[in-house]
Amino acid sequence: MKRVVVTGMSCITALGDDWPSLRSALEKGDNAVKVMEQWQDIADLNTKLAAPVTHFQRPSHYKRKMVRSMGRVALMATVATERALAQSGLLEHPALTNGDTGIAYGSSTGSTPPLIAFADMMKSGQMSGVTATSYIQMMAHTAPVNIGVFFGIKGRVITTSSACTSGSQGIGYAYEAIKFGRQKAMVAGGAEELCVTEAAVFDTLYATSCRNDAPKHTPRPFDKDRDGLVIGEGAGTLILEEYEHAKARGATIYAEIVGFGCNSDGEHVTQPTSDTMQTAITMALDDAQLNGEQIGYVNAHGTSTDRGDIAESHATFNALGRKPISSLKSYLGHTLGACGAIEAWASIEMMREGWFAPTVNLESVDPQCAQLDYLRQPTKLQCDYVMSNNFAFGGINTSLIFKRMP
């Protein structure tokens, strides 16, 4: 089996696109949630809240011809990937385009604006607005395909369009592609473009926060007074590489991936099952040949829904015991397809610094949640292993374990 390491990382988030910017926001307890004025007139939509990325723009060196097949989600994924490849030193390396590098990347859905043209066509019988790139922008694998074409990547392409586990599955399947010797390097991660339709999906399940008059005080993962999640957006890319390949070219190694677990509940599409969450965590431990005591910190999925928070907390406790845990969704909202990659990136950076962000807005832990060390203030911890967990519609569960590198 091959060892798999991280040699490049980059993200686009509502609170900044580099670690110093995000860390500063986390230290101050900033929260990117705001009232969406453009949603005010949507009848029967209970939530009016989201955490949008307001600073993102198409880079000037991305000419129009280069991005005509990209909607916002593919563009954010490509920009994050370019920055991660540059950090890894692979952007101009032959391994990027000779077939040695593949892609495992996903989003909940493609860009949604082209859907309007197709819906109009089905309703009116008119093709107005439907173009040659409409489908390319809206298809489920628009992010990995556009990344592959933009950088000339010729290895395998794995599309992980699995809602909230799109990013974590991307990292996990990329890890396995290298571990089993199928690729030397992989572009891994996930992205999501904010759309009111995503808020509406959770709204119909009464899972969105309706603190419309207090956006900075929500979401509140694990808090007894939480009232639901807030949708966000962003992108996150990790460059994974076979250890000896990275070492031979003198690459900086930021962490090693040592464990990945993934399974499904097999019971209900939207209601999580704690037992199978625990199984996914145990699978990651077994893959890493670790026991629960060796995990120093857990980055929780922590969406701020009652069913999800309670089930996750008990799964974590039963698999690992009482562990330090926090949720970054309290700052960035739920970035769906991007969250697994953004949270993996932040977990690695926090492990490298020995500094871990708390869950903001967590004032009183829900007594129905398991007894874990819920971080409520910035905490210094020295640990060799961190775990990042994500859970998605369909009962899909993922768990990743990262190891500190000397």
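**Close-up views of a predicted model**

**View A. T316 is buried, at a relative accessible area of 1%.** The coordinates shown here and in the views below belong to a predicted model. T316 is situated in helix 11. Once residues within four places in sequence are set aside, the contacts of T316 are I281, V298, G321, I325, L372 and N389. Because the relative accessible area of T316 is 1%, below the 20% limit, this residue falls in the buried class.

**View B. Helix 10 crosses helix 11 obliquely.** The pair consists of helix 10, residues 274–288, and helix 11, residues 306–320. Their axes come within 8 Å and make an angle of roughly 40 degrees, so helix 10 is oblique to helix 11. The crossing has right-handed sense. On the helix 10 side, the contact is formed by S274, M277, Q278, I281, T282 and L285. Helix 11 contributes A311, E312, H314, A315, T316, N318, A319 and L320. Sorted by class, the residues of this contact are seven nonpolar, six polar and one charged. I281 of helix 10, part of this contact, is also among the residues touched by T316.

**View C. Helix 3 and helix 6 meet in a right-handed crossing.** Helix 6 spans residues 142–151, and its axis comes within 9 Å of that of helix 3. The crossing angle is roughly 50 degrees; the two helices are therefore oblique to each other. From helix 3, the residues in contact are V73, A74, A77, T78, T81, E82 and L85. Their counterparts in helix 6 are T142, A143, N146, I147, F150 and F151. By class, this contact comprises eight nonpolar, four polar and one charged residues.

**View D. S88 of helix 3 is a buried residue.** Its relative accessibility is 4%, which is why S88 counts as buried. Apart from residues up to four places away in sequence, S88 touches T7, G8, I239, R249 and A251.

**View E. The largest nonpolar core of the model contains 81 residues.** Within this core, Y105, I171, L238, L240, F356 and F402 have the most contacts. Helix 3, covering residues 72–88, supplies the largest share, with nine residues. Another core lies apart from this one and holds 25 residues, including A288, V298, I325 and C369. V298 and I325, two members of that other core, are in contact with T316.

**View F. The surroundings of F356, a residue of the largest nonpolar core.** With neighbours within four places in sequence left aside, F356 contacts Y297, M350 and M351. Further contacts of F356 are with L375, Q377, P378, T379, L381, C383 and V386.

**View G. L49 is buried within strand 3.** This strand runs over residues 49–51. L49 has a relative accessibility of 1% and so counts as buried. Beyond its neighbours within four places in sequence, L49 is in contact with V33, K34, V35, M36 and W39. The contacts of L49 also include S209, R211, N212, P215, T218 and V230. For T252, which is 203 residues from L49 along the chain, the separation between the C-alpha atoms of the two residues is 39 Å.

Definitions and conventions. Residues are numbered from 1 along each chain as its sequence is written. This is a predicted model: local features need pLDDT of at least 70, side-chain atom pairs count only at pLDDT 80 or more; totals for chains, interfaces and linings use all residues. Side-chain values use heavy atoms; hydrogens and water are left out. A nonpolar core is a set of buried Ala, Val, Leu, Ile, Met, Phe, Trp, Tyr and Cys residues joined through side-chain atoms within 4.5 Å. Buried means under 20% relative accessible area, exposed over 50%, partly exposed in between (1.4 Å probe, protein chains only). Helices (H or I, at least four residues) and strands (E, at least two) are DSSP runs, numbered from the N terminus. Contact means heavy atoms within 4.5 Å. Axes are lines fitted to C-alpha atoms, for helices over the stretch in contact, and angles run from 0 to 180 degrees between N-to-C directions. Angles under 35 degrees count as roughly parallel, over 145 as roughly antiparallel, 65 to 115 as roughly perpendicular and the rest as oblique. A crossing is left-handed if the near helix is turned anticlockwise from the far one by less than a right angle, and right-handed if clockwise. Ala, Val, Leu, Ile, Met, Phe, Trp, Tyr, Cys and Pro count as nonpolar, Asp, Glu, Lys and Arg as charged, and the others, Gly among them, as polar.
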